[in-house]
Structure formats: C-alpha cells, structure tokens
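Let's look at how the labels given to parts of a structure follow from its geometry. Each question below asks what earns a name, and each reply checks the value against its cut-off.

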Number of protein chains: 2
Amino acid sequence: MDISALFQCRSIAVIGASRDQKKVGHHILKSLQKNSDLELFPINPHASTLLGLRTFVSLKELPHPADIAIIAVPSTVVESIVDECIQTHVKAVIIITSGFAENGKNGKEVQDRITQKLSQANILLLGPNTMGYIAPFDNIYASFGADDVTPGPIAVISQSGAMLSALFQAYASAKTGVSFAVSLGNRAGIDELSLLEHAAKDHHTRVIVLYMESFRNIPVLLSLASRIVKSKPIFLLKGGTTECGISAAVSHTAALATPQALLRDAAQQAGIVMVETFEQLVRASIASAKSAFLPEHLMVVTNAGGPSVVLVDEAVQAEVPLVSLSSKTASTLTEQFPTLRLANPLDLLGDATPEMFDQALTILSHDLNIDALACIVTQQSITDMDGITKVLMKPRGKRLVIACLTGGDQLEPYREKLRNAGVVVTEYPNEVVETMKALVQAQRNMEKTLPYAVLSLSSSAQPTKTTHTYPETFSDLQTVLESYGLRFPKQVLISDEKDFSELETLSFPLVAKTTDLALKHKAKLGAVIADIHDLGYARVAYNHLKQWNAPVVFQETITNAHEALVGMIRDPQFGWYCAVGLGGSLSDTLADRRYFFLPAQKTVIAYTLSQTKLASLLTKEQTHALVETINTLQHCALETNKLTELEINPLFITENGAIVADMKRG
Amino acid sequence: MDISALFQCRSIAVIGASRDQKKVGHHILKSLQKNSDLELFPINPHASTLLGLRTFVSLKELPHPADIAIIAVPSTVVESIVDECIQTHVKAVIIITSGFAENGKNGKEVQDRITQKLSQANILLLGPNTMGYIAPFDNIYASFGADDVTPGPIAVISQSGAMLSALFQAYASAKTGVSFAVSLGNRAGIDELSLLEHAAKDHHTRVIVLYMESFRNIPVLLSLASRIVKSKPIFLLKGGTTECGISAAVSHTAALATPQALLRDAAQQAGIVMVETFEQLVRASIASAKSAFLPEHLMVVTNAGGPSVVLVDEAVQAEVPLVSLSSKTASTLTEQFPTLRLANPLDLLGDATPEMFDQALTILSHDLNIDALACIVTQQSITDMDGITKVLMKPRGKRLVIACLTGGDQLEPYREKLRNAGVVVTEYPNEVVETMKALVQAQRNMEKTLPYAVLSLSSSAQPTKTTHTYPETFSDLQTVLESYGLRFPKQVLISDEKDFSELETLSFPLVAKTTDLALKHKAKLGAVIADIHDLGYARVAYNHLKQWNAPVVFQETITNAHEALVGMIRDPQFGWYCAVGLGGSLSDTLADRRYFFLPAQKTVIAYTLSQTKLASLLTKEQTHALVETINTLQHCALETNKLTELEINPLFITENGAIVADMKRG
C-alpha cells in the first residue's frame with residue numbers, strides 16, 4: 001500500500017473542529033496550526049471562524065478538495081462524512097472517532113462498510129479510533145496532545161494511543177525526538193506493514209519502535225523486517241498474550257507452540273528485537289537514537305562495589321559481553337592507578353574523585369574494543385557529584401556513554417543535567433543491562449539476519465509449487481519422502497495375516513505400530529509394540545494393532561540412536577513453521593522445541609537446532625545430517641499438494657544419518 | 001553470638017578521630033555527636049579538642065573503658081590498637097580501616113590474627129573494611145555519610161557499603177526509614193547470622209533486607225530464615241555468581257547443581273524472597289515497609305490502554321494474581337460507569353477525570369478481595385494530573401496503593417508529591433509487577449514456609465545419627481536400602497562364570513550392568529547392556545562388563561516405567577541437599593532438576609517434585625509413592641556412616657511403586 005499521501009499533504013480538512021477546548025477537534029486544529037504552510041479547512045456548521053481560520057459547513061463547500069480529511073464527529077455521523085470524502089476526492093481519511101469495531105458487532109459492521117467504500121475509492125484510511133499521526137520533520141501534527149514532539153530519528157507505530165503519549169514524554173526528557181509516529185487505532189486501513197515500508201525508506205528514521213497487540217500478517221511482517229533490520233533496528237513490544245490462538249493439529253508439533261514461543265523464534269529469525277517491557281522499549285529506543293553505531297562490548301567504571309557486582313551478574317545472565325581490557329589499556333591504567341585492581345568493572349573505590357573518573361574514561365576511550373562505557377556512581381560521604389557529573393558529560397569519541405546514578409531522588413538534579421547534555425541516564429544497574437541487552441541483540445541482528453522470503457504476499461498459506469499429490473496413506477507418504485532421499489528402517493507393512501511370511505525377511509527384534517497417520521500419543525495408547533522377538537509375538541501384536549483400521553508396519557529395531565522430532569505445520573496466522581527438538585514418546589513432557597519459519601536457509605535451520613537440548617546430544621556429523629534432513633522435509637512440506645502438517649517423530653539420529661521411524665500428516 | 005553490646009552502648013571511643021574533613025574519622029565522630037547521650041572519646045595524640053570534645057592520647061587514658069572502640073587508623077597500626085582494646089576491656093571493636101583480607105595473603109594473616117585475639121577475649125568485632133552501623137531509633141550513627149537516615153521498619157545487612165548509601169537515599173526519597181543497618185565489611189566477626197537473629201527480636205524491624213556476596217553458613221542461614229519469615233519478610237539480593245563453587249562428585253546429582261540453582265531452591269524452602277535486581281530490592285523493601293499487611297491480589301485502574309495491557313502480560317508471567325471483581329463490586333461499578341467494560345485492569349479510558357478515578361477507587365476499596373490497588377496513569381491531552389494526583393494521595397483503607405505515572409520527567413513533580421505523601425510510586429508498569437511479585441512471594445512464604453531444622457549448628461555436614469556402616473559394595477548398599485523397605489528388580493550378581501546357572505532363576509530379557517558404585521555415564525561407556533534374551537548373550541555381556549572389575553548385576557527388564565533421578569549429596573557449603581528430576585541416561589541433557597535441603601518434611605519433598613517435568617508424567621499414586629521413597633532415601637543418606645553421596649538413577653516409577661535400578665554412592 002502506498003501511503004505517501006499521508007506524509008505529502010498540503011491541505012487538511014478537520015471535520016468536527018470545535019471552539020470547545022475540551023473537544024479533540026479543537027486540539028487537532030490547534031496542533032495543525034503549528035505549520036503555517038498547511039492549508040487548513042475547519043468544518044463546523046455552527047461557527048464562521050475558528051482559531052482565526054474561516055470555517056466551512058461541509059467538505060463540498062471547499063474551494064478545492066482537501067488532501068486529508070480528519071474526522072472527529074460522533075460515531076453516528078461518521079459514515080455520511082466518509083461518503084462526502086469520497087465524493088470530494090480526498091486522498092486520505094483519518095477517523096479519530098471511536099465506537100466502532102472495539103465496541104462490538106454493530107460498530108464492526110459500520111467500520112467494515114466504511115473501510116470497503118474507501119478502499120474501492122482508493123482513499124487511504126487511518127483508524128478509526130486513532131490518535132492520528134505526526135511527522136515532526138514536515139511540521140505536521142495531525143493529532144492531539146503531541147504538538148511539542150521534536151524531530152528525531154525514532155519512528156513509532158503503535159496500537160495504543162496512551163503508549164504514544166508516554167513515549168513522546170520519555171523522548172522529550174531524554175532530549176531525543178521522532179521522525180514520524182502513527183496511532184493505528186482499529187487499523188481498518190493503514191497498517192503496520194505499510195508504515196514499516198515507509199520507515200524503511202524514510203531517511204530521517206534510524207530506529208523503529210513497534211507496539212502491537214495483534215498483527216495484520218505475520219509472515220509478511222517477518223519478511224519485511226528481515227530486510228529492514230540490516231540497516232535500522234526494530235524494537236517490538238507485544239501487548240496482550242491471549243490475542244492469537246494457535247490452531248488445533250493432529251501432531252505434537254503444535255502441542256507446545258504458544259503464540260509467545262512462536263513469536264519469540266519468529267522475531268529472532270526476522271531480526272526483530274522483542275523487548276520484554278515498556279520500560280525496555282523506551283530505554284532501548286532512546287539509547288539507539290543516541291548511538292552513532294549499535295554497541296556490543298561494554299566496559300563498566302564505578303565507585304560502587306556492590307552495585308557493579310550485581311551489574312556483572314545481570315550482564316552475564318543477559319549475554320551482554322563485558323569487554324576484556326587489552327594489554328595496552330591495562331598497562332596505561334596501571335601507570336595511572338598503580339594500586340587499583342584492573343578488571344571490568346573497573347572499581348575506582350568509594351573515594352573516587354572526578355579526576356580519577358576522567359582519567360579512567362580517557363584511557364578507556366582509546367581502547368577500540370570498547371563500544372559502550374557505563375559509569376555506575378553512588379553518592380558516598382565524600383563523593384563530588386558535581387564534578388563527576390561534569391566528567392560524565394564529556395563525549396568519549398563515538399562511544400555510547402551510559403550514566404547510572406544509583407540512589408534515590410537526591411541524585412535527580414545530576415541525572416537531569418546529564419540528560420539535558422544528551423547522555424543516556426539510568427538509576428539502577430539493571431537498567432544499564434536491559435538497555436545494552438536490546439542494543440547488542442539489534443547489533444547482532446544487523447550482522448546476522450538473513451533476509452527472509454515470504455511464501456506469497458497475498459497469503460502465507462500457499463506452497464511455492466506442487467509436485468506431489470496429497471499422501472492419503474502411510475505408503476503414499478513413505479513414497480514421497482523416499483523420493484526426497486529420506487530413509488526408513490527396514491520394514492514391512494502387513495494388512496492381512498496371510499502376508500506374515502514377509503516378516504521373515506526382517507531381523508528380529510521388531511517394532512510394530514499402526515500406520516494411522518493422524519493418531520496422537522501412539523505409545524501411550526498401546527499403538528506401538530516393541531521387542532517383538534518371534535513370529536508368534538508378531539501375530540499377537542498384529543491382532544492388537546489392527547483395531548486402528550490401518551495396515552501395521554513392522555520395523556527392524558534401531559538401537560543407539562537419538563530420537564528427534566521434526567514437525568512442519570501451516571498455521572493460519574503464522575504461516576508455515578517448523579518445530580525441532582527431542583522426540584520420542586516423552587517429547588511433550590521434555591518440552592524441547594524451537595521454531596523456524598519456512599522457507600528457511602540452512603544457517604537458520606542450524607541456528608534453530610543449536611538452541612535445542614537435542615543439539616547437545618549430537619556429533620558434528622549428526623548435526624549436519626539432521627540439518628540436511630530438516631531442509632529436505634521443508635521442501636517436501638511445501639511441495640506436496642494440500643498438505644497442512646507433516647511430523648516425523650521419532651526421527652532416529654544414528655551414526656549413519658537420520659531414519660524416519662514414524663510420521664503424521666494433516 | 002550475642003551482639004547486643006553493639007546496640008546497647010553508652011560510650012564510644014573513636015581511634016583516628018580527625019579534624020580533617022576529608023578523613024573518615026572526622027565524619028564518624030560528627031555522626032556520633034547527633035546523640036548527646038553518648039559519651040564520646042576521640043583518640044588523637046595530636047589535638048587536645050576535636051569538634052568541641054576533649055581528646056585522649058590512647059585508650060588507656062580514658063576515665064573508664066569505652067563500650068565500643070571504632071578504629072579508623074592506617075592498617076599498619078590497627079593490630080596494636082586492637083591489643084589496647086583488649087587490655088582496656090572494650091565490649092566491641094569496629095574496624096573501619098581497609099587493607100586486610102580483601103588485599104591478599106598478608107592482609108588476611110593480620111586479619112586472622114586480630115580476629116582470633118578478639119574472639120579469645122570475648123570482644124565483638126565488626127569489620128574490618130566496614131562502613132560501620134547505624135541504629136536510628138537509638139540515635140546511634142556509628143558510620144560515615146549516614147547521619148540523616150530516619151528511623152523506620154527496615155533492617156539492612158549488607159556486604160557492600162555502596163549498596164547501603166544507595167538504599168538510604170532511596171528510602172529517604174520514599175519517606176521510609178531504617179531500624180538498623182550494618183555494613184559487614186570483611187565479616188571477620190559479626191556476621192549475617194547474628195544480625196538476622198537480632199532483626200528477628202528487634203521490635204522496630206518489620207522488613208529485612210540482605211545484600212550478600214558470600215555466606216557464612218548456608219544451612220544455618222536457611223534454618224534461621226525459615227523461622228523469621230513467618231513474621232518478617234526477608235528480601236535477599238545475592239551479588240557475584242562465581243563465589244561459591246560446588247564440589248566435584250561421583251554422581252549426576254551435582255552435575256547441574258549450580259550455586260544459583262541451589263540457592264534459588266534453598267531460598268524457596270527457607271521462605272526467603274530472592275530478588276533479581278537491586279531495583280527490585282529497593283522497591284520490594286519500600287512497598288513492604290509501607291504495607292499494613294503483605295498483599296497478594298492486585299487490582300489495576302487506569303486511563304492508559306496499552307500500558308495496562310502490558311502490565312497484565314507481565315503480571316501473568318510473574319504469577320501475580322489479578323483479582324476478579326466480585327459481583328457486588330461489578331454491579332456498583334456498572335451503576336457508576338454504565339458504559340465501561342468491567343475488567344481488571346479497569347480502563348477508565350483516555351479522558352478519565354479525577355472524579356472518575358476517585359469514584360472507581362472508592363468502590364474498589366470496599367471489595368475485601370483486593371489487597372493492593374495500582375493506578376497506571378499517563379498524561380494525555382486532557383488529563384488533569386493535578387486532580388488525579390490528589391485523588392491518588394487519599395488512603396484506601398489499609399490497602400497498598402501503587403501509583404504508576406508513566407511518561408518521562410514531566411510527571412516527576414507529581415511523582416514527588418505522591419512520594420512525599422507516603423504513596424508507593426513507580427514510573428513503568430513492569431515496576432508495579434516486580435514490586436508485587438516480591439510481596440506476593442513474601443506473603444506466601446509467611447503462610448507456607450515450614451520452619452526448617454539445621455542438622456548441626458557447628459557444622460552442617462554431620463548426619464543426625466549413624467545406624468549403618470559405610471557400604472563398600474553394591475551388595476552392601478542394596479542391603480542398607482532394602483532394610484529401609486526399598487525394592488530392587490529381580491536380579492542376580494555374578495562374579496564368576498561358574499555362577500551362570502543362577503541366571504536361570506530370572507525371566508529373560510535381562511539387563512546387565514557393572515556394579516561399580518562410582519562409574520559415571522555407564523550407558524555411554526557401554527557399561528549397561530539391555531535386551532539380553534538368552535544365556536549365550538548373557539555370557540557375552542558378562543565378558544564385556546567384567547572389565548570394570550566389579551561383579552555384574554543381571555536384572556529382569558522393567559517396562560512401562562518412568563525413569564527418575566533421586567540424588568543426595570553433602571556439599572561443603574550447602575550441606576546435604578537432594579536433587580529430583582527425570583532420570584535415565586539422558587538425565588543431564590534433560591536438565592530436569594529441582595533441589596531441597598535435608599532434613600525436609602514430606603510437604604517440601606512433594607513441592608520440590610511438583611516443580612519438575614517428571615511430576616507431569618506421574619499418576620497421583622505414583623507421586624505419593626515417589627515422595628515416600630525420597631523421604632526414605634533422605635533418612636538412609638543421613639543415617640549411614642561417612643556417606644557423602646547417594647544417587648538412585650534410574651529409579652523406575654512403575655504402576656506398583658518405585659524400584660531401584662541402579663545406584664551410586666560417594
């Protein structure tokens with residue numbers, strides 16, 4: 001969707017403009033007046049002028065069509081105004097008014113009708129139930145309560161208006177600003193996808209912040225993100241954990257796949273940094289905005305023993321790399337501070353002076369291994385806070401400096417001075433770690449993310465090409481898998497006792513199971529019988545297993561193998577994903593699952609596998625063989641007609657590669 | 001250790017008192033002068049008066065012995081001053097001076113010598129390298145930089161001086177105070193144990209805060225804590241993750257037992273709330289200090305959609321219970337707010353007025369299910385922050401009110417007003433959740449913790465009684481375990497091929513393994529052979545297994561059983577603990593381990609088991625049987641002479657109870 005009309009407007013009509021200062025229509029008109037180049041048309045049948053502007057009775061009266069119509073009238077009137085918008089050929093409509101889909105069925109019907117009308121007329125729609133948008137570089141504040149947001153590098157796309165207000169205030173305190181910000185509201189028209197595309201192109205935007213409670217199209221989002229994060233970090237806060245349910249499935253693949261787990265792994269694959277809290281969203285975006293480059297290696301300088309010990313614990317936990325001092329830096333520090341213990345954190349001790357901080361920071365600034373400098377300062381009896389604050393305000397090359405002033409309100413004046421000087425400021429050591437954790441992840445994503453193709457832009461659920469017909473039976477599926485080079489144990493399918501002699505071609509002991517391709521928890525139900533040592537027991541097993549009305553497969557026993565689960569499923573919301581982990585009958589209990597999204601390159605498959613416990617059991621050769629097998633299986637899943645699910649469990653990992661011991665499909 | 005002399009002093013000598021304002025000896029003397037009832041003896045050979053007080057040349061010159069001697073002279077002189085302290089019979093010595101054990105071997109030797117001398121003379125020692133202590137209710141500030149701490153309900157025991165400064169400042173901002181606070185320094189004498197005992201008895205103390213980097217005696221700490229937390233919450237921040245190493249062991253029991261994992265489960269058992277960050281320590285202690293009772297059920301009221309959605313996600317994750325509105329509360333709210341969606345959080349929407357907040361909070365205050373009220377407020381275009389701040393200042397019965405004002409510095413004046421009025425204030429929703437998480441845990445600990453006996457006060461490593469001699473062989477150990485009623489599979493031990501005929505008493509297939517009681521990773525090494533179907537294969541197995549120079553045990557195969565690991569180990573630092581989880585040869589990979597400390601009551605064993613993945617596989621009867629077996633094994637471990645380790649893996653959990661399939665001991 002091309003949304004440039006939103007950002008390239010010259011004239012705006014405000015329907016519902018009001019002189020009542022309590023009304024939203026008043027605030028928006030006032031905000032828009034910040035830009036004297038905009039041609040503003042207040043629409044209000046009851047006033048002739050408003051805020052010094054000539055008003056109009058309706059859109060039809062305007063001297064020429066407005067580029068944008070902002071609607072802030074009661075919900076009952078909105079549809080007729082929308083009709084006028086269409087008649088007068090505006091390019092974009094912003095519906096501030098609430099009371100639509102969020103209010104239930106009736107509201108949803110009106111909203112759907114409006115959306116369809118505008119879409120047919122090729123008119124952009126933002127909202128309804130939106131706070132509007134702002135574009136500070138263009139001096140456009142088409143919103144209420146946001147006319148003081150300064151231009152800056154952060155683009156914000158949010159499904160919550162309150163989040164926007166809080167973010168703007170936090171950015172103002174931190175002396176950073178916004179490239180553009182959009183409140184999606186009910187997201188009937190303009191969505192996060194078109195805004196992400198805009199952010200990618202917008203040269204003012206260096207950092208992207210997303211607050212989402214649901215997604216328009218997850219596969220497309222991931223694909224888009226995987227390209228954007230190569231140059232601009234995306235920080236996502238997902239609100240609401242019960243929004244997107246996962247579809248029921250015949251296999252175990254989906255059993256543990258919560259939306260949270262899937263989203264975590266999806267974000268990882270697409271290079272999006274999923275933050276855990278709103279606080280982290282604020283801190284990460286501010287610190288990125290203030291960083292010349294995304295930092296990875298942290299050096300800590302302090303006058304506070306305990307707080308810096310705790311910081312190190314947290315950094316290790318969060319996998320934030322603490323830099324090791326180079327021998328050159330170490331020897332320079334020793335010259336300057338002969339009695340200090342050289343380490344990271346560098347503890348200048350409780351009586352550290354501003355001069356000591358300055359000397360230490362200056363020496364450390366020459367160490368190219370250090371990307372970020374954090375200073376943890378507490379005010380002890382003889383601490384010169386004024387002096388130290390001045391030292392912390394000095395730039396240290398292009399390095400990110402984080403000042404952590406720990407200890408109550410009495411340090412707030414120093415924190416404020418530092419913030420006003422553009423320094424990143426925190427109060428507690430964990431806030432330094434949370435900030436760095438997000439930046440380090442963004443940095444790694446920028447380096448390592450592989451741009452991720454989406455299967456189809458219109459729908460994520462379509463296979464790329466179809467080369468096989470849908471496998472109805474176990475034998476069908478075996479044929480398909482074997483055509484990809486996958487191996488099975490030496491096995492015989494028996495549908496009739498007459499065929500028992502065929503079993504003599506196999507080496508005992510055998511394992512027997514039903515070939516029902518949709519039966520869950522086979523082992524638990526007694527649908528798998530192991531340790532069959534002779535034909536007599538085989539017959540007993542057959543007679544038991546035939547109750548499932550499918551042929552019974554007898555397989556030679558495979559020993560000394562690890563059991564893996566590899567499952568692919570086509571989820572209506574997430575698209576095709578693959579689960580990998582420990583397999584076998586305890587698979588669900590062991591809960592060893594990680595996910596990737598199809599189609600994935602082998603490096604992504606290998607990374608996903610490396611995150612499982614299964615990986616720790618495998619040799620290098622076995623790992624390699626398993627990655628190849630998973631890659632083959634993803635092709636098979638995508639290239640088989642109407643397949644929605646394919647699970648191999650157990651997939652035996654032997655010394656000689658992978659062997660398919662059982663399978664399910666949907 | 002009776003440390004009452006520290007808190008019941010009338011006279012204090014300050015050795016190293018100085019007129020130089022940069023010297024610690026100056027600051028301490030000045031702090032002590034806050035209390036005009038204290039008799040102060042500055043010791044300084046170079047001045048006749050100091051801060052208006054008569055000085056003395058040495059301790060020997062004093063008109064009568066000082067109760068306490070505070071030493072703040074260079075480290076080289078400290079030992080001779082200590083000798084004088086002993087000669088003049090002071091009751092307690094506080095060594096502020098640093099440069100002892102923390103500086104290496106030489107310093108450690110001097111410190112040890114001083115400690116021993118004072119101990120022999122029955123004189124208390126605090127430090128060295130301590131910031132001293134304060135007891136605000138008694139107006140004693142025997143420290144530097146802490147003479148403005150107000151009396152309050154929080155006792156603080158810390159191994160870091162910088163932590164103390166930061167805590168005092170945070171408490172001052174929050175308008176709460178301290179009952180007593182002690183900087184342990186190098187902890188040569190007075191330790192956290194005697195201070196915890198003091199805190200337990202001290203009627204000013206309602207909340208206990210611990211910052212520890214290492215522990216004097218973990219088993220004693222746990223036992224003590226388990227009694228204290230029934231009336232006073234203990235919040236512990238553990239700094240430094242590499243301090244306490246876990247001893248090497250023959251079994252898998254210790255394989256995954258990191259100090260962190262053990263401490264987490266130990267704290268759980270003892271009822272200590274282990275916080276994750278310094279910030280959480282600050283917030284939890286402040287909120288507890290301000291709570292009339294420890295809250296459990298949270299109600300959220302807000303004008304901010306997104307932030308409260310995020311709060312709910314975090315609360316669910318942190319297991320903070322969000323209260324469900326009672327039908328009475330719901331109907332009263334409906335009367336007042338007919339169009340609002342009734343839920344928790346109660347979203348009063350972006351245009352909420354102070355009156356709406358007041359009405360909602362008043363109604364909710366009558367709901368007895370609500371223990372704590374959190375208000376998430378963002379400043380949107382028409383938000384009356386002044387009015388809402390006033391509403392939030394009103395007390396709501398004895399309920400804890402948490403005001404969360406989200407959005408940058410511009411809200412700081414409102415936050416400050418609220419803090420000054422005694423309200424608990426946060427900036428971000430996650431801070432509300434982190435605070436509540438700690439309080440909810442403290443509340444549950446108060447209810448559920450079972451006071452926990454310590455095996456021996458002098459050493460944690462001694463069994464309570466010895467009834468069995470050390471089991472040298474598999475047979476010995478089997479005899480011991482069977483005497484406790486534990487069961488083994490039907491099995492035969494073979495030490496000589498001549499005895500093979502005994503195998504005919506067993507039903508094939510068999511499992512064979514070496515009875516080496518200390519061999520790790522048996523399955524991986526090939527020291528376990530399964531599926532033995534005839535005497536011929538048994539002979540092959542025997543000839544292979546005899547390489548481990550121990551008898552070979554042949555067992556009947558047990559099918560349809562779950563494999564558990566139950567291991568007990570006597571750790572030099574933690575004392576006896578037990579690991580429970582999924583067993584079998586993959587046990588280490590599955591990493592399903594939880595821990596409890598011996599001796600434990602069955603409810604503790606059952607709780608520990610319930611935290612494992614193993615638990616999800618078991619029926620109610622199997623769970624019951626396993627708890628009984630674990631209980632039996634703990635007795636066995638404690639009652640067997642010289643045993644330091646006992647591991648059953650696998651312990652088969654069958655339909656008919658637990659069966660010991662293999663074991664190790666150390």
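Q: Are B:F41 and B:F56 buried or exposed?
A: Both B:F41 and B:F56 are buried in this predicted model. That label requires under 20% relative accessible area.

Q: What makes the rings of B:F41 and B:F56 a pair, and why is the pair called edge-to-face?
A: Their centres are 5.5 Å apart, and the limit for a pair is within 6.5 Å. The planes stand at 85°, and over 60 degrees counts as edge-to-face, so the name follows for B:F41 and B:F56.

Q: Where in the chain do B:F41 and B:F56 lie?
A: B:F41 belongs to strand β2 (residues 39-43) of chain B, while B:F56 is in the loop between β4 (53-54) and β5 (68-71) of chain B. The two are 15 residues apart, and the pair links distant parts of the chain.

Q: How many aromatic pairs does a search of the whole structure find?
A: There are 18 over all chains.

Q: Why is the pair of A:Y577 and A:F597 called tilted?
A: The ring centres are 6.0 Å apart and the planes meet at 50°. Stacked needs under 30 degrees and edge-to-face over 60; an angle of 50° fits neither, so A:Y577 and A:F597 are tilted.

Q: Which strands hold A:Y577 and A:F597?
A: A:Y577 is in β25 (residues 575-582) of chain A and A:F597 is in β26 (residues 593-597) of chain A, 20 residues apart. Both residues also belong to one aromatic cluster, together with A:F574 and A:Y595.

Q: How do you know whether A:Y577 and A:F597 are buried or exposed?
A: A:Y577 has 0% relative accessibility, and A:F597 has 0% as well. Buried means under 20%, so A:Y577 counts as buried, and so does A:F597.

Q: What makes the charged end of A:R539 count as sitting over the ring of A:F500?
A: It lies 4.6 Å from the ring centre, against a limit of within 6 Å, and the definition also asks for a position within 35 degrees of the ring normal. In chain B, the charged end of B:R539 sits over the ring of B:F500, 4.6 Å from its centre.

Q: How do you know what relation chain B has to chain A?
A: A turn of 180° with a shift of 0.0 Å along the axis lays chain B on chain A, with an RMSD of 0.1 Å. That is the relation of a two-fold axis. Of the residues of chain B, B:L590 comes closest to the rotation axis, at 3.5 Å (C-alpha).

Q: Why can one say that the copies meet through the same surface?
A: Because 100% of the interface residues of chain B are also interface residues in chain A, the surface is the same.

Q: What makes β16 and β19 of chain B edge strands in the open sheet β16-β15-β17-β18-β19?
A: β16 (346-347) and β19 (424-426) of chain B each have a single partner strand, so one side of each is left without a neighbour in the sheet. The pairing in this sheet is parallel.

Q: How do you know that β18 and β19 of chain B pair?
A: They share 3 bridges, and at least two are needed. B:C404 stands opposite B:T426 in β19(B).

Methods. Residues numbered from 1 in each chain as written. Chains lettered and ligands numbered in written order. Predicted model: local features only at pLDDT ≥ 70, side-chain atom pairs only at ≥ 80, totals over all residues. Heavy atoms only, no water. Helix = DSSP H or I, 4+ residues; strand = E, 2+ residues; numbered from the N terminus. Buried < 20%, exposed > 50% of the residue type's maximum accessible area, 1.4 Å probe, protein only. Least-squares fit on C-alpha atoms with pLDDT ≥ 70 in both. Contact = heavy atoms within 4.5 Å.
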